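Please look through the structure shown below with its sequence alongside, and follow the paragraphs that come after it from one element to the next.

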Amino acid sequence: MLKIKEKLNNYREKCLLRTRQVITRRHQGEIEIAGKTCVNFASNDYLGLAEHPRVKQAASLGISHYGFGSGSSPLVSGFYQPQQDLEKNWAEFLNREAALFFNSGYLANLGVLSTLASRDSLVISDKHCHASLLDGIQLSRAKHDRYPHQNLAKLEKNAGGDHEICPSCDRKRF
Ligand SMILES: Cc1ncc(COP(=O)(O)O)c(C=O)c1O
């Protein structure tokens, strides 16, 4: 097994080493990094709701009422009334039996896939699907087939059929 320093050097040599940027200001789609103002195209806050006055006010009100942080996982120590109200409202809005909120997209994909799929399942995904989906599929232990990015013709032709098995990853090759 490679030592951590060697691994980091390998990444650095291949220009694959990722670092986190410190953001010192955020305002209406712009962020400041090292004194430079940049337009943030990488955020998921597409609608700018993070800065909406009502969202900020609700967050402040929540903190003043309940304090900061959940304290523990909801299964261990319960969850809060506003969270239950939010889930109920969303279920109603989407005309569904229930809704469950996760703290991030990554956790949602991990939780949902590892729950819905199991060792007996086959999951077929786009080759470029998000890493969180791959992790969720792996956690579920389901069989996993991938088709070339957005190539629905290939998906229709090959899904469920006979395939060559990749000797290194044990996946079917399209
Ligand atoms: C399709 C998809 N799934 C999951 C995620 C991960 O979401 P998060 O950053 O909230 O963990 C992203 C993030 O952009 C995404 O685009």
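**Strands and aromatic rings**

Strand 1 and strand 2 (residues 30-33) run antiparallel and are joined by 4 bridges, in what is, as for everything described here, a predicted model. Within this pairing, His-27 stands opposite Glu-30 in strand 2.

These strands belong to an open sheet of 3 strands, which has the order 1-2-3 and antiparallel pairing. Strand 1 (23-27) and strand 3 (36-39) stand at the edges, and because each has a single partner strand, one side of each is left without a neighbour in the sheet. On average, and with direction ignored, neighbouring strands of this sheet are turned by 25° against each other.

The aromatic side chains offer a second way into the model. The structure holds 3 aromatic pairs. In one of them, the ring centres of Trp-90 and Phe-101 lie 6.1 Å apart while the ring planes stand at 65°, and since planes over 60 degrees apart count as edge-to-face, the pair is assigned to that class. The pair links distant parts of the chain, with Trp-90 placed in helix 4 (residues 81-93) and Phe-101, 11 residues apart from Trp-90, in the loop between helix 4 and helix 5 (105-116).

How do the two partners stand with respect to accessibility, and what relative values do they have? Trp-90 has a relative accessibility of 37% and therefore counts as partly exposed, and Phe-101, with a relative accessible area of 40%, is partly exposed as well. Beyond this pair, ring pairs link Trp-90, Phe-93 and Phe-101 into a cluster.

Methods: Residues are numbered from 1 along each chain as its sequence is written. This is a predicted model: local features need pLDDT of at least 70, side-chain atom pairs count only at pLDDT 80 or more; totals for chains, interfaces and linings use all residues. Side-chain values use heavy atoms; hydrogens and water are left out. Rings of Phe, Tyr and Trp (its six-membered ring) pair if their centres lie within 6.5 Å; planes under 30 degrees apart count as stacked, over 60 as edge-to-face and the rest as tilted. Helices (H or I, at least four residues) and strands (E, at least two) are DSSP runs, numbered from the N terminus. Buried means under 20% relative accessible area, exposed over 50%, partly exposed in between (1.4 Å probe, protein chains only). Two strands pair if DSSP finds at least two bridges between them. Axes are lines fitted to C-alpha atoms, for helices over the stretch in contact, and angles run from 0 to 180 degrees between N-to-C directions.
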